Amino acid sequence: MLALQITNIKDFMSKLFLKDTFDSFYLVKSAITTANTFSIDGRIKKEYFTKEENEDRCYAEYSVWEALRPFCFQFIKGKKTPLSIQITFRLTPTQSEQLLEKSGLSFESNEIDGFFFHIRYENSSAVCITGISIKTFSFDKTLENFWDQTMIDFLKNANIDIEQ
């Protein structure tokens with residue numbers, strides 16, 4: 001787990017809410033507090049969709065940020081800054097497979113519950129916290145370190161200013 005301080009909040013929020021920077025990630029959950037707290041559970045409710053619609057979506061467990069970003073943006077639009085924003089993202093299964101393959105490590109996808117990163121904005125400060133959920137206990141932190149470095153690289157490639 002790694003905490004990365006976001007140093008240019010305005011630019012970061014623009015990339016989070018107005019651009020496609022994070023669009024391909026699953027949204028696990030979000031909570032945005034203004035005059036009220038607005039919460040979104042990103043888990044897809046399959047019973048809402050027809051059988052055909054579910055087949056078209058390949059049985060995704062969560063919605064991608066691209067689909068929910070406009071709703072979240074509606075909560076923060078206006079002249080006042082939100083009191084807090086908390087967003088938890090997760091890699092899609094395809095992204096997780098690609099990350100495992102790129103790592104060259106001996107982990108199998110069935111050993112990993114997920115690769116996560118959490119964004120927390122509060123008191124004019126923003127931080128990105130990385131995390132990985134492994135199904136079995138391991139002292140080996142190599143994969144976790146690889147995930148941390150992957151997120152650092154992702155944020156830097158997106159021109160998001162960070163400090164460790």
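**Group meeting: a walk through the fold**

Hi everyone, let's start with helix α1, residues 9-17, where the buried residues are Ile9, Phe12, Met13, Lys15, Leu16 and Phe17. Please keep in mind that this is a predicted model. What covers those buried residues of α1? The cover includes strands β1 (3-6), β2 (26-33), β4 (84-90), β5 (112-122) and β6 (125-134), along with helix α3 (65-76).

Now to the sheet. It is an open one, built from 7 strands with antiparallel pairing, and the order reads β3-β2-β4-β5-β6-β1-β7. The edges are taken by β3 (37-41) and β7 (162-163); each has a single partner strand, so one side of each has no neighbour in the sheet. As for α1, this helix packs on the sheet and touches β1, β2, β4, β5 and β6, with its direction at about 50° to that of β4. A second helix to look at is α5, residues 142-157, which lies across β1, β5, β6 and β7 and runs at about 145° to β6.

Let me go through a few of the strand pairs. β1 and β7 are antiparallel and pair over 2 bridges; there, Gln5 has Glu163 in β7 as its bridge partner. β1 also runs antiparallel to β6, joined by 4 bridges, and in that pair Leu4 is partnered by Cys128 of β6. Then β5 and β6 pair over 10 bridges, again in the antiparallel sense. One of the partnerships involving β6 is Glu122 with Ser125. The hairpin of β5 and β6 has 2 residues between the strands, and Asn123 takes a positive phi near 50° there. Is β6 itself mostly covered or mostly open? β6 is mostly covered, with 7 of its 10 residues buried.

Ser125 deserves a moment of its own. This residue sits in strand β6, and its relative accessible area of 28% makes it partly exposed. Which residues does Ser125 contact, once neighbours within four places in sequence are left aside? They are Gln5, Ile9 and Arg120. With Gln5, the side chains make a polar contact at 2.7 Å. Ser125 also shows how the chain comes back on itself: Ile6 is 119 residues away in sequence, yet the two C-alpha atoms are 7.4 Å apart in space.

Over in helix α5 we find Glu144. Glu144 counts as buried because its relative accessibility is 19%, under the 20% cut-off. Beyond residues up to four places away in sequence, Glu144 touches Met1 and Ile132.

On to the nonpolar interior. The largest nonpolar core has 40 residues, and those touching the most other members are Leu16, Phe17, Phe22, Trp65, Phe89, Phe115 and Phe117. If you have the structure open, click on Phe89: leaving aside neighbours within four places in sequence, its contacts include Leu16, Phe22, Phe25, Trp65, Phe115, Phe117 and Ile119. Apart from that core lies another, of 6 residues, among them Tyr26, Ala60, Tyr62 and Phe116.

Last topic: charged pairs. Side chains of opposite charge can pair when their charged atoms come close. How many salt bridges does the structure hold? There are 6, and I'd like to show you three examples.

The pair Lys15 and Asp11 meets at 3.0 Å, N to O. Both residues belong to helix α1 and are 4 residues apart, about one turn of the helix. Lys15 is buried at 10% relative accessibility, whereas Asp11 is partly exposed, at 24%.

Next come Glu61 and Arg43, whose side chains form a salt bridge at 2.5 Å, N to O. Glu61 is in the loop between α2 (51-56) and α3, and Arg43 in the loop between β3 and α2, so this pair ties together parts 18 residues apart in sequence. Glu61 is partly exposed at 35% relative accessibility, and Arg43 is partly exposed with a relative accessible area of 37%.

Finally, Arg90 forms a salt bridge with Asp113, with 3.9 Å between the closest N and O atoms. This pair links distant parts of the chain, since Arg90 lies in strand β4 and Asp113 in strand β5, 23 residues apart. Arg90 counts as buried at 11% relative accessibility, while Asp113 is partly exposed, with a relative accessible area of 36%.

That's my tour, thanks for listening!

Key:
Residues are numbered from 1 along each chain as its sequence is written. This is a predicted model: local features need pLDDT of at least 70, side-chain atom pairs count only at pLDDT 80 or more; totals for chains, interfaces and linings use all residues. Side-chain values use heavy atoms; hydrogens and water are left out. Buried means under 20% relative accessible area, exposed over 50%, partly exposed in between (1.4 Å probe, protein chains only). Contact means heavy atoms within 4.5 Å. Two strands pair if DSSP finds at least two bridges between them. Axes are lines fitted to C-alpha atoms, for helices over the stretch in contact, and angles run from 0 to 180 degrees between N-to-C directions. A nonpolar core is a set of buried Ala, Val, Leu, Ile, Met, Phe, Trp, Tyr and Cys residues joined through side-chain atoms within 4.5 Å. A polar contact is a pair of N or O atoms within 3.5 Å; within protein, one must be able to donate a hydrogen and the other to accept it, and residues adjacent in sequence count only if both atoms are side-chain atoms. A salt bridge is a side-chain nitrogen of Lys or Arg within 4 Å of a carboxyl oxygen of Asp or Glu.
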